[in-house]
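Please work through the exercises below with the sequence and the model open beside you. Each task is followed by a solution that goes step by step.

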Amino acid sequence: SLVYRARLARPALVDGDVAVIVVARRGRLLGVLRPLVRGERIVEIEILGDLETIGGFEIAVLPD
């Protein structure tokens, strides 16, 4: 599973939207968690683990 293999979660911009990227110990991208925000609340979290899909995203890691 994505969570079991994850070693690090980092804040990032994914196609310009705030998200969390999940990476393995050696820095390989495993997945993307993108929140859907309405008002001031997160109402849904999209979990993407298909490397073909997330490979097409523009990703910029944000500082901690």
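**Exercise 1. Contacts across the chain**

Task: Determine what share of the contacts with a separation of 6 or more joins residues 24 or more positions apart in the chain, and set out the order of helices and strands along the sequence.

Solution: In this predicted model, residues 24 or more positions apart account for 31% of the contacts that have a separation of 6 or more. The secondary structure consists of two helices and five strands, and reading along the sequence gives the pattern α-β-β-β-β-α-β. For the chain as a whole, 23% of the 64 residues are buried, while the exposed surface comes to about 4,900 Å², of which carbon and sulfur atoms supply 53%.

**Exercise 2. The nonpolar core**

Task: Identify the residues of the largest nonpolar core, and then work out which element gives the most to this core.

Solution: The largest nonpolar core has nine residues, namely Ala12, Val14, Ala19, Ile21, Val23, Val32, Leu48, Ile54 and Phe57. Two elements, β1 (8-14) and β2 (17-23), each give two or more residues to this core, and β2 gives the most, with three residues. As a general background, nonpolar side chains tend to be buried together in soluble globular proteins. To follow one member of the core further, take valine 32: once its neighbours within four places in sequence are left aside, valine 32 is in contact with Val14, Ala19, Val20, Ile21, Glu46, Ile47, Leu48, Ile54 and Phe57.

**Exercise 3. A loop residue**

Task: Decide whether alanine 24 counts as buried or exposed, and locate alanine 24 relative to the strands.

Solution: Alanine 24 sits in the loop between β2 and β3 (29-38). Its relative accessibility is 18%, and because the cut-off for a buried residue is under 20%, alanine 24 counts as buried. Between alanine 24 and alanine 9, the C-alpha to C-alpha distance is 9.0 Å, with the two residues 15 apart in sequence. The strands on either side of this loop, β2 and β3, form a hairpin with five residues between them, and glycine 27 in the turn has a positive phi of about 90°. Four bridges join β2 to β3, and the two strands run antiparallel; valine 20, for example, stands opposite leucine 33 in β3.

**Exercise 4. Pairing and a salt bridge between β3 and β4**

Task: Establish how many bridges join β3 to β4, and explain why the salt bridge of arginine 34 and glutamate 46 ties together parts that are apart in sequence.

Solution: Seven bridges join β3 to β4, and these strands run antiparallel. Leucine 36 stands opposite glutamate 44 in β4, and arginine 38 has arginine 41 as its bridge partner in β4. The hairpin that β3 and β4 form has two residues between the strands, and glycine 39 in the turn has a positive phi of about 65°. The structure holds one salt bridge, in which the closest N and O atoms of arginine 34 and glutamate 46 are 2.9 Å apart. Because arginine 34 lies in strand β3 and glutamate 46 in strand β4, the pair ties together parts that are twelve residues apart in sequence. Glutamate 46 is partly exposed, with a relative accessible area of 33%.

**Exercise 5. The surface patch**

Task: Find which residues form a nonpolar patch on the surface, and which strand gives the most to the patch.

Solution: The patch is formed by Val37, Ile42, Ile45 and Ile47, which together have about 400 Å² of accessible area. Strand β4 (residues 41-48) gives the most, with three residues, whereas valine 37 is found in strand β3 and counts as partly exposed at 47% relative accessibility.

Conventions
Residues numbered from 1 in each chain as written. Predicted model: local features only at pLDDT ≥ 70, side-chain atom pairs only at ≥ 80, totals over all residues. Heavy atoms only, no water. Buried < 20%, exposed > 50% of the residue type's maximum accessible area, 1.4 Å probe, protein only. Contact = heavy atoms within 4.5 Å. Areas by Shrake-Rupley, 256 points an atom, 1.4 Å probe, with all protein chains shown as cover. Core = buried A, V, L, I, M, F, W, Y, C linked by side-chain atoms within 4.5 Å. Patch = residues over 30% accessible without salt bridge, like charges linked within 9 Å, V, L, I, M, F, W, Y side chains within 5 Å. Salt bridge = Lys/Arg side-chain N within 4 Å of Asp/Glu carboxyl O. Pairing = 2+ DSSP bridges.
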